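Could you show me around this structure, one selection at a time? I have it open in a viewer and would like to know what to click on next.

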Amino acid sequence: MEKIIGSSSTLARRGIWLIIMVVCVGYLLMWIMMPTMVYKMTWQPNLRAQLNSTYYGTQGPNLLVYTFPVLFVAAAASVYLHRGKKVSHHEHHREGDKNGRLGRWRQPMVVRGPLGIVSGIELGFFILFIALLVWSYTTYLRVGFSNISPSQIEEDGGKLWKAKLDSAALRLALIGNICLAFLFFPVTRASSVLPLFGLTSEGSIKYHTWLGNLVMLLFTSHGICYIVFWHATNDLSQILKWQHVGVANVPGELALLAGLCMWATTIPRVRRKFFELFFYTHYLYILFVFFFILHVGITFACIMMPGFYLFMIDRYLRFLQSRKCVRLVSARLLPSCQVMELNFSKSPGLSYTPTSIIFINVPSISKLQWHPFSIISSSNLEQDKLSVAMKVEGSWTRKLYEKLAASSSSTDPIHHLEVSVEGPYGPASTNFLRHDTLVMVAGGSGITPFMSMIRELIYVKTTLKWKTPKLILICAFNKSSKLAMLDLLLPTSGVPADISDLELQIEAYVTGEKEPAAKHINIKELHNQIMVWFKPKGSDAPISAILGQNGWLWLAAIISSSFTAYLLFMGILTRYYIYPIDHNTNKIFSSSTRSTLNILLICVSIAATTSTAVLWNKKRNAMETTMQITNMEGESWPNISNAADRELESLPHQSLVQSTKVHYGERPDLKRLLSDCKGSSSSTGVLVSGPKSMRHEVATICSSGLGRNLHFQAISFSW
C-alpha cells in the first residue's frame, strides 16, 4: 500500500512539474518576444483588444501575461513540495541518483573570478541571462531607432543623436526592469520557487548581489543619460516635474537616490567594516520600490511585481512569527573557545533538514538586529529541542555571551531571556546519503553547519538502522582552545549509548600552535562547560512552523487567495471609481494616485489572507503548546554541577574522542586528503564551510581532473 501511495505521489509530482515547466517556458518566451516588432505591433494590440475591460483597464493584459504566471508557478510549486513529503526516503535516493547524472555540471567551473565560485549550471544560466539582456537591448534599440521620425528629431533640437540618446536611455530602464523582476526571488526566505530548482535563500544571496549590481548599473546609466539629454535640449526643468499622468520624473529620481544609498553600502569593504550601516540602509528598499512604481505606473510595474509580491508575503509571515517570544530552555557555554549553544523548546511537529539556519533577535541587546545562525540539532534525534551554536565574533554575540556568563556566576542569575526567531530555513530535502563517503571541510566556526548533519546521521544509523556514508570531518582551528567546539558535535542528552557503528573520522588541525605547547593544556579546562538554565514564562511558545505542518499547502492558499482578493478589490475600484473618470484613456486619472491605491490593495489583501492562515494554525497549535507548558512546569531544574564531567565520561563522547586525531603546527593537505577519499569510494560528497580561501582551494581541487568522483558543495552566506 505504501508503495502504491508513493508511486501515485511521485506521478502527481511529475505532472505538477511538467505543468510548471510549460508555464515557465511560456513566461520566458514573452520576455524574449517583448522587444520585437511582432510583440509591439501584433501581440500587444491583440491582447489589449481582448483583455481591456472596465474592471482592469490597460493593466489587465500585463497582469495576465507577467504577474499571473509567476504566482501560479509559486502556488503550484508549493503543492509540489507538499506532495514531496509523501515520497518515501528511498524515492529521494532515486531522485538523488538522477541528480547525480548532472554532477559534472554541478562542479565548480569558475573559482577565482569576480563572480566567486560558479558551477557549470550557474555559469550556463548566467550566460543565458546576459544573452537575454543583450538581445533585448539590441532589439529595443533597433526597433526604437527605426521608429525615430523627423518630427521627433525636430522636437529633440534637430539632432539625430539626441533622439537616439533619448531612445537608448529609455531602453536602459527597460533592461533594468528585467533584472528587477528577478531581484527579490533570492531573498524570499520561505520561497517555494527556489526549492523547486534545488536552491535555498541563504545559498542564493550571490544571485541577489549580481542582479542588484546590474539593476543599479542600468538604472544609474538611465538617469545619467536623461540628465545629459535634458541638458543637451535645454530642458533641465524636467528634473523637477512630477507628471499627472504617464511617467513621473521626480519619483524616479527619489527611487534612484534610495537605490544608490543601498548600493554604496554593498561595497565589500564598507559592508564588512560597517555592517550595521549596510543592514539598516537596506530598509530603503521600501522607498525604492514605492517610488519606482509611482515613476513607471502600476500598469508597467505589473511586469516586475510578482517577485516583490512573493517577497511581501514572506516578509509579512516573518513579521508575524517574530512578534511572539520563544521558549529558551538553556544555554551551554564553552569558555575556552567563547562559543555558546542555545537550546530552545520546539514543537514536535516542526521538522527541518540538516544545514538549516534560523534568525535570532534578543531585544535586550538590540530590538532591530536579526542574526542568522546554523541549527546544530536534528529534528529527528531531538524532537522537542532546537539548538543553535554561536561563536563570539562581533559586538552582538559578545554582549550575549557576557550576559550569559555573568548570569552563571552571579548570585542573582537571569531566570528568563526574551528571544524571538524567524525560521527555520533550509533546503527542502537533502541527498547526501546517496554518497559512499562524505568529506566535510570546516574552518573555525564553519564547523557548525556540519553538526546537524552528524546528528542526523547518528539518528539514521542508530534508530532507522540504515546504511550511512563514511564520514570524514576535516577541521582547522588557529588555537588548541578552539578544539572544544568538537564537544558540540553531540547534544547534551538524547544521544544513543552506542554510536561506534557510525564510521566517523575527525582530522583536527591546530595551525597556530606546535605540538609541544599542547602539554601545558589542562584538558579539564579545555572541555569545561557552563550550563545556564532558564525558567520560561507561560506566554513563551515553543518554536513551531508559522503555517503548521502543512505549511506548503497554506502558502499556496495564501498566494492564490491574496491575489484573488487583490483582483476583486482592484476590479471594484477601477469599475466604480477610476473608470467613470478616466474611461481607460490613462490621460485623466492621476497615475500616482492609481499606483498608490493599488499598492494599498495589495498590502491589505496579503495582510488579511496571511493573518487568517496564521491565526487558524495558531489555534490548532494552542493545545500542543499548553501541554508542553504543563510538562515544563512540573519539571525541576536539573542538577548540572558535574555535567561536563559526566559528558566526558559518556560512551558517545568516548567514541568521539577515539575517532579524533589532532595535528599541530600544520595546515590540512586538502589535495592529498581528497585524493585518498576519491580512491576509496565511487561517489564522494565534499562540503566546505569556512573562510573564502578555504572554499576556493577545495573548489579548485574538485574542479580539476582529480575531482571526477568529488561532488562539491559550499555552505556560506558570502562568496
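In which kind of crossing, left-handed or right-handed, does helix 10 pass helix 11? Select both helices, residues 205-232 and residues 249-265, and you will be looking at a left-handed crossing. Keep in mind that this is a predicted model.

Stay with this pair for a moment. The axes of helix 10 and helix 11 come within 10 Å and cross at roughly 135°, so the two helices are oblique to each other. To see where they meet, show side chains on both. From helix 10, the contacting residues include Asn-213, Met-216, Phe-219, Gly-223 and Trp-230. On the helix 11 side, look for Asn-249, Glu-253, Leu-256 and Trp-263, among others. As a reminder for reading such a contact face, an α-helix has 3.6 residues a turn, so residues three or four places apart point the same way.

Next, select helix 14, residues 285-296. Its 12 residues reach 16 Å from the first C-alpha to the last, close to the 16 Å expected at 1.5 Å a residue. Turn on the surroundings too: nine of the 12 residues are buried, so helix 14 is largely enclosed by the rest of the structure. Among the buried ones are Tyr-285, Phe-288, Phe-291, Phe-292 and His-295. Step just past the end of helix 14 to Gly-297, where phi is positive, near 90°.

Last stop: the cysteines. Cys-179 is buried, with a relative accessible area of 0%, and Cys-325 is buried with 19%. How many disulfides does the structure hold? Zero.

Technical notes
Residues are numbered from 1 along each chain as its sequence is written. This is a predicted model: local features need pLDDT of at least 70, side-chain atom pairs count only at pLDDT 80 or more; totals for chains, interfaces and linings use all residues. Side-chain values use heavy atoms; hydrogens and water are left out. Helices (H or I, at least four residues) and strands (E, at least two) are DSSP runs, numbered from the N terminus. The expected span of a helix is 1.5 Å times one less than its number of residues. Buried means under 20% relative accessible area, exposed over 50%, partly exposed in between (1.4 Å probe, protein chains only). A disulfide is a pair of cysteine sulfur atoms within 2.5 Å. Axes are lines fitted to C-alpha atoms, for helices over the stretch in contact, and angles run from 0 to 180 degrees between N-to-C directions. Angles under 35 degrees count as roughly parallel, over 145 as roughly antiparallel, 65 to 115 as roughly perpendicular and the rest as oblique. A crossing is left-handed if the near helix is turned anticlockwise from the far one by less than a right angle, and right-handed if clockwise. Contact means heavy atoms within 4.5 Å.
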